[in-house]
Amino acid sequence: MAHETTHSTGHPANGHEPAHHSISATTCLLVFAALVIGTVATVWTASMDLGAFNTPVALAIAIGKATLIILYFMHVLYSKWLTRTVVIGSFFFLIVLFGLTFSDYLTREKTREIPALYSSDPLLKQQ
Amino acid sequence: MSNAHSPVAHHFYTIEQQKESATIGMWLFLATEILLFGALFTAYAVYRYKFPDAFMVASSRMDWKMGGLNTLFLIISSVTMVFAVSSAEKGRRGGLLGFLAATGFFGTLFLVVKYFEYMHHYHDHDVPGLNFQWTGAPELANGAQIFFFLYFFMTGLHALHMVVGLGLLIWIFLTAYWGKYSPEYYNPVEMFGLYWHFVDLVWIFLFPLLYLLGAHLPPGGGHH
Amino acid sequence: MIEENVSLPRIHYLNSHYGWKSWLLTTDHKRIGLLYMVSITLMFFLGGFFALLIRLELLTPQADMFNADTYNKFFTLHGVILIFFFLVPSIPATLGNFLIPLMIGAKDVAFPKLNLLSWYIFVIGSLFTLWVVAVGGIDTGWTFYTPYSTTFANTHVIAATLGVFFTGFSSILTGLNFIVTIHKMRAPGLTWFRLPLFIWSLYATSIIQVLATPVLGITMVLVAVERFAKVGIFDPALGGDPILFQHMFWFYSHPAVYIMILPSLGVVSELISAFTWKRVFGYKFVAVSSLMIAIFSFIVWGHHMYVSSMSIYAGMLFSILSYLVAVPSAVKVFNWTATLYKGSVSYDTPMLYALGFIGLFTIGGLTGLFLASMGLDRHLHDTYFVIAHFHLIMVGGAVMGYFGGLHYWWPKMFGRMYPEWWGRLSALIVFVGFNLSFFPQFIIGYLGMPRRYHVYAPEFQVLNVMSTAGSSILGVGYLLPLVYFIWSLRYGKVAANPWKAKGLEWETASPPPPENFLEQPIVTEEAYNYPTRPAQPVKHGGKLTGGFAQPAGTAGKGREAEVV
Amino acid sequence: MMALTVSTAHFDRLVTAFRVPLFPEQASTHAPNVDALYFFMLAVCGGVSISIVLLILFFAVKYRRRTPDQLAEEAHVPIALEWAWIIIPSLFFMSFFGWGAWLYFQDAKAPQDALEIACTGRQWMWKFQHPDGQREINTLHVPVGKPVKLVMVSEDVIHSMFVPAFRIHMDVIPKRYTEVWFQATKPGTYHMFCSQYCGTEHANMIGSVIALEPHEYQTWLNGAATGSLALRGEALFNKLACNGCHTGDAEARGPYLPGLYGRNVQLTTGEVIVADENYIRESIIKPGVKIAAGYDNIMPGYDGQLTEEQIIELVAYIKHLGKKYDQFEPVAPPTAPAPRPAGQDPDQTLPIGNVRPSVPAEQVPTPTSPAATPAVPGSRPTSN
């Protein structure tokens, strides 16, 4: 009977795939070291005044750390396409939420914000 | 999610099918969690964009040492969780129990530190909706309040996930103690591991975005 | 329908266990589907009742039946109940729950306990909402726009938002369950492009449910928190941004429109095939278009916000993306129409609903193009044109599809037929009543009558009277099925597959046994593999030999080539 | 419509009563542009809808199942059709998008020389302020043939400025200015709506835009500079903190005032009276005498604290709240000035005495003018 890859019913063949969970203790400790270094680096870079670059640097380190966790601790490196699709898909839609929301904020004319407190606004002060 | 009595639930044909189902189910659940926190991160980004100075000054009232300590606790607990799963996979019951206990220990430490942080903020009148008082520059008050609200809401939601996680951990620990898991069936341990790593993941973003914005300011930069 | 001589199976899922526990603690997807059906039927008639009250008030330009507050509560409850507690769960949670395992040859969904849990969460959410109804309602509109909902409204906003939050999680769990089920539980041989189109559409729906709903959930919580803690997250007086609320709200609520309509599109694909005895033309295009709709649905939300003071550049981006999502919807309509060509078209009740659906969905979709256009939306925004447009999609589309599906699978669910004549009559009444209700609203809308007005300018009255007349006809059309469906449970003629339809769900008994299939089915053919007669002008074509049990239709294979 | 056949007097009346407008009036420079796009899309989409419905009916009839066992016929439909009906609609969609976006962009920015009028929305009224300081509530006088820009802000929730005859629409947001502009093309009185749901009396947050010839606008500016009674009344209302209890909310401590004037009020004694000027006046100076059912006697009396003039202003303000459609004035009285019945809308912002209408009312059939809706059932004749 015709099968496709994702369907596993009655297929002992699935046992062949790499023992996808056990990352070795060495790998695990290496990742751990990288995470700790990343944390230290985050604090260190944040203590310097990098101007506009503080947040991008912090985010880049955080994304790096998150990627390590997802790939190694959460086994995505060793998992099937479906799991990877779910992971990539959820981040994709998160980026959609971010990106399209900011397509509004970043292209607005900022001049129309009312900075002052309510009552001091001349237009609102009637009589 | 699967039947606890026999490894294969009645509606599955093989244990492999059941396991893959659980994995995908768990990942889909984490996908909803990503969007759940993602919405909050979006709100954070928008308000940070609107109130850059207020966010920076308000953030300098955070104790980044506490946050950094908590980051380490979570990373360590993640590592012990990885070892717990691999112990379960190899059928080492003692290792599983030990690493689970370590994971729970560091998770609890995280919450304890969090508790002291919250109490500290409470005494400093930093809690919006409860006792928020801004003593800094008045034009930053609105932005600072929103920053603190987002801080409490995001870390609170994260802490809620930790509490739920610790509850699940106790359940996993007990079932492991009762010998429910074997190299053929340790799915719940693995699924719980995914959840635990996810909680760690969220914190990795929360830490720099909430604690470190004002770290480069001179000491006490925005303080009263 | 085709006369059958069958009797009910001795043991089926309805009589295998008795007692209230066997229902409230069941993990059988079929019973959970029925639990959902009962709950949402209640919500449907409650929300519909509010609709009738709204229309009654709008008979005259003055406020003569209800005062402003009452009217505002009515339209809010109408929206909240029918959107979150009827339309979103309607087809997925009832027909989907019942049919997905049957259609893919599985014993149950992947996580049966989670399935039951999602129903309980739905019930909790419903109880919150019913409590809101009982203690005095909510008047924010179903959109909960801030800062009105957070700061100014004096009604039960927190309870209502929590109700929505809960039902949202019920929806997430259902979607999660379905995705895993469709991936992992298919019968041997049932490849993706052999799946019925209903499954494709529910798969697409589930993606939206899983990924969009959490954003709504957290937004609702933020509204509730803002309301009691006054922290300023959405309150401009404290620096908050109400436009951010709109972004977050519509990030869910636009895709939610597709949560409501996509399953109906799937049902109609099934109906068109079953009542022409023909494979749906362009199967792969129809299947993939469901996924396209789901993905595009996430990137168009800003078209609700053209006049909200959103940046015009963002508006332009959202506008062009909104037109993109129209393409896969159009593809479906064209393919259904082409399927009718040279089919064997019967006029059974479900088919009447399906044909009505295509017409109304076409018009509803095309009027959506007007609203996606920035230049026109500047006039049409928040007028009755919008109301008419989305009721064409939601009621003319989603509800018609739901009713069509109910009529089609009713004998599958209960092993009995409803009276066919009454069924056709009600389909006709619904169609007439619907058109009379909502077409005048397009004109009222272009004339400029804003939505959510209980008093209006006198020159709009004639059209409003027509609309109210139509809505009472529509009400009758919806009550009729309630009566004859209940009647049929006991007195209906026993039926197994009165349509001679294809599909795995029809290959087991009606009603199905508790385990769905006595032995695991193995799929060897495409979906909708109906036998055909050669293309020649004969009036009485090929006989149906051996019923429909014969596996591969003679001409079934050849057509696939055209489609690929 | 039906008028094509018989024309008895009776039937004529019926036809008039049921004369349903299909398209709104075009009264701004935007309007013809928006309508052009509308008609283009209506033609394309209407054509497509009708063709699809006819095709479905044709197929459904032609290929109906004639015998219970009739099979579908083998059909060879070229697959190229799929691509055709993906690509061709896409082209049309892009034309809709392009035209609509172009239209929007073209009109997004107000011309430099636009007359700038400040507009404040609040629950539930529109307030306007002209460049020279003239103020209006729920009525906006603008000159014909000159671009007018509304710079808008809200005092509370989100409102939306919507003038159908001008085809303009823009949300009015707290703490942020939004703007919208138009250029009226013909004199008349046009509906102004709030289209973003804003609370209890949302449906009564309505008003009218009165487009005047430029010289009449100038005259109006000169005549209305001091502000109306109702405006002064409003200021007083806020100054005395009346709005602390009469918040307009369902659970407020004081009765709800919009629409009060002329309505029946039930008192704690069970008696029902009509809320006329005297009742309102008495309730201000001696609130304990007649207490509306459901409320406590907590309001302080203002006897002796207010001058008669101030009381008149307060009454005028309360009467102004909750103005109904049929109390809107016509575009302009046929002969100026129309005698105003006593007690009717003393706060009208139309100047008294020196405005002559440029066009007789009959020739300007506006939606609100009584000439356009002579016999719609249920509508009362307008008051002035």
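**Exercise 1. The loop between β8 and β9 of chain D**

D:Lys175 is found in the loop between β8 and β9 (178-183) of chain D. The model under study is predicted. Determine which sign the phi of D:Lys175 has, and whether D:Lys175 is buried or exposed.

*Solution.* Step 1: the phi of D:Lys175 is positive, at about 65 degrees, although the residue is not a glycine. Step 2: most residues other than glycine have a negative phi. Step 3: a residue counts as buried if 20 or more other C-beta atoms lie within 10 Å of its own. D:Lys175 has 24 other C-beta atoms within 10 Å and is therefore buried.

**Exercise 2. A second positive phi in chain D**

State where D:Asn138 is placed, what its phi is, and whether the residue is buried or exposed.

*Solution.* Step 1: D:Asn138 belongs to the loop between β4 (135-137) and β5 (139-143) of chain D. Step 2: its phi is near 60 degrees, a positive value in a residue other than glycine. Step 3: with 22 other C-beta atoms within 10 Å, D:Asn138 is buried, by the cut-off of 20 or more.

**Exercise 3. Cis peptide bonds**

Identify which residues of chain C and of chain D are joined by a cis peptide bond, and locate C:Pro511 and D:Trp124.

*Solution.* Step 1: in chain C, the peptide bond from C:Ser510 to C:Pro511 is cis, and its omega is near -10 degrees. C:Pro511 occupies the loop between β2 (493-494) and β3 of chain C. Step 2: in chain D, D:Gln123 and D:Trp124 are joined by a cis peptide bond with an omega of about -5 degrees. D:Trp124 sits in the loop between β2 (115-122) and β3 (125-129) of chain D. Step 3: for context, most peptide bonds are trans.

**Exercise 4. The surroundings of β10 in chain D**

Establish how many residues of β10(D) are buried, and in which sense β10(D) pairs with β7(D) and with β11(D).

*Solution.* Step 1: β10(D) is mostly covered, since seven of its seven residues are buried. Step 2: β7(D) and β10(D) run antiparallel and are joined by two bridges. D:Phe162 has D:Phe193 of β10(D) as its bridge partner. Step 3: β10(D) also pairs with strand β11 (residues 206-212) of chain D, in the antiparallel sense and over six bridges. Here D:Met192 stands opposite D:Gly207 in β11(D).

**Exercise 5. The contact between chains C and D**

Describe how many residues each chain gives to the contact, which elements of chain D take part, and which strands pair across the chains.

*Solution.* Step 1: chain C and chain D each give 92 residues to the contact. Step 2: on the chain D side, the elements that give two or more residues are α2 (30-62), β1 (72-73), α3 (80-106), β7 (159-163), β8 (168-172) and β10 (188-194). The most is given by α3(D), with 16 residues. Step 3: by class, the side of chain D that touches chain C has 56 nonpolar, 20 polar and 16 charged residues. Step 4: strand β3 (residues 532-533) of chain C and β1(D) run parallel and are joined by two bridges. Within this pairing, C:Thr532 has D:Ala72 as its bridge partner.

**Exercise 6. Helix packing between chains A and B**

Find how the axes of helix α2 (residues 54-73) of chain A and helix α6 (residues 187-211) of chain B are related, and which residues make the contact.

*Solution.* Step 1: the two axes come within 9 Å and cross at roughly 175 degrees. Step 2: angles over 145 degrees count as roughly antiparallel, and α2(A) and α6(B) are therefore roughly antiparallel to each other. Step 3: α2(A) contributes A:Ala58, A:Ala62, A:Lys65, A:Ala66, A:Ile69 and A:Phe73, while α6(B) contributes B:His197, B:Asp200, B:Leu201, B:Ile204, B:Phe205 and B:Pro208. Step 4: this contact has nine nonpolar, one polar and two charged residues.

**Exercise 7. Chain organisation**

Set out the secondary structure of chain A, and the domains of chain A and of chain D.

*Solution.* Step 1: chain A has three helices and zero strands, in the pattern α-α-α along the sequence. Of its 127 residues, 24% are buried. Step 2: chain A is assigned domain 1 (21-74) and domain 2 (80-107), whose C-alpha centres lie 21 Å apart. Step 3: chain D is divided into domain 1 (30-63 + 78-106), domain 2 (115-223) and domain 3 (229-320). The C-alpha centres of domain 1 and domain 3 of chain D are separated by 56 Å.

Definitions and conventions
Residues numbered from 1 in each chain as written. Chains lettered and ligands numbered in written order. Predicted model: local features only at pLDDT ≥ 70, side-chain atom pairs only at ≥ 80, totals over all residues. Contact = placed C-beta atoms within 7 Å. Helix = DSSP H or I, 4+ residues; strand = E, 2+ residues; numbered from the N terminus. Nonpolar A, V, L, I, M, F, W, Y, C, P; charged D, E, K, R; others polar. Pairing = 2+ DSSP bridges. Axes fitted to C-alpha atoms, helices over the stretch in contact; angles between N-to-C directions. Parallel < 35°, antiparallel > 145°, perpendicular 65-115°, else oblique. Domains from an automatic or database assignment. Buried ≥ 20, exposed ≤ 12 C-beta atoms within 10 Å, placed from the backbone.
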